[in-house]
Amino acid sequence: MTLSCRLCGSDNTFSFEVIDHKQKSNFPISVCKQCGLVQQTHIPSEETLSLYYSHNYRMDYKNTYTPKLKHIRRAGLAAFERIEFLMTSPINIKDDCKLVDIGAGGGEFVYLSKRNGFDAIGIEPNHGYSEFAKREYGVEIITSMLDDLTESSADIVTIFHVFEHMANPLAVMKKIADVLKEGGLLFVEVPNLLQDDASPHNRFFKAHLYYYSKYTLIACASKYFDVIKVHDNGNLRVLFKKKALATKTISKPSDEHVELIINSFVDKGWLNYLFKGKGIFKPFIIIKRLAIEFKLRNVTPKELLDSIG
Ligand SMILES: [Zn+2]
């Protein structure tokens, strides 16, 4: 069976097996030689994914149906960095800017961005997490999948570590463009295929259907969005602005960039991670974090987030 790339449509792809170290299972991924998109060879149907994310995902990966204090602290710190990224971007953010966070999880980003002046709401398919966010922080979270969102005049859409789980990247970009008003902003964060500071054991997860580099992420958005700002030292963060008119075709990554992506599967290894990516220091950072998390008691989720920023 030949596989058609879900970005450029080419069937000029090659496949190999990778390992999900968390679930201890193998699965095949495919790389497009035309555009450099890296995807799982077998993408599940929308129905299967919808059922999975509304029910089992958090249990499989975090062993819980509501966020624990240590997860809230980590999510709060990440949310704070993302708000800083937005605030330091060359854009005009007016008061009460309407923000929609897709895949809002436990609501940490929605709550902290509201505290920073955004008129923020979230959408999250998992019932346990969205109810938790509403109850603990009093924020508005729609318990649903993205397709059910009816908003069409948002100033900003944010989507953090969700896009790589979605089956049809081009359809998702179109849907997000529909949610935004003219000139609206899209802020995406995904794991970065080309980053050095991820352990080779931490690269592939069965739940991640796509493995983006800045070149392929920008290509996925290119029909509807222009790039404003890219951060790719670590996780990949890109801020986009909605185009006045969508283009008919995507802008494909250059041959040179496609080659860079393909070569990353040859070069990537422990030496790169330990030295170039400073992985050698990671055990110390993790011990320090665990020591702080161990002391997290007698504090409500809201108090914890309020102490962050
Ligand atoms: Zn392709």
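The following exchange concerns the predicted model of a protein chain, its residue Ser222 and the packing of helices H6 and H7.

The model is predicted, so local features need pLDDT of at least 70 and side-chain atom pairs pLDDT 80 or more, while totals for chains, interfaces and linings use all residues. Residues are numbered from 1 along each chain as its sequence is written, and side-chain values use heavy atoms, leaving out hydrogens and water.

Student: Is Ser222 buried or exposed?
Tutor: Ser222 lies in the loop between helix H7 (214-221) and strand S10 (225-231); helices (H or I, at least four residues) and strands (E, at least two) are DSSP runs, numbered from the N terminus. Buried means under 20% relative accessible area, exposed over 50%, and partly exposed in between (1.4 Å probe, protein chains only). Because its relative accessibility is 5%, Ser222 is buried.

Student: Which residues is Ser222 in contact with, leaving aside its neighbours within four places in sequence?
Tutor: Contact means heavy atoms within 4.5 Å. With those neighbours set aside, the partners of Ser222 are Lys243, Thr247, Ile250 and Ser251.

Student: At what angle do H6 and H7 pack?
Tutor: Axes are lines fitted to C-alpha atoms, for helices over the stretch in contact, and angles run from 0 to 180 degrees between N-to-C directions. The axes of H6 (residues 169-179) and H7 are 8 Å apart, and the angle is about 55°.

Student: Which residues in H7 do Pro169, Leu170 and Met173 meet?
Tutor: These three residues belong to H6. On the H7 side, they meet Leu217, Cys220 and Ala221.
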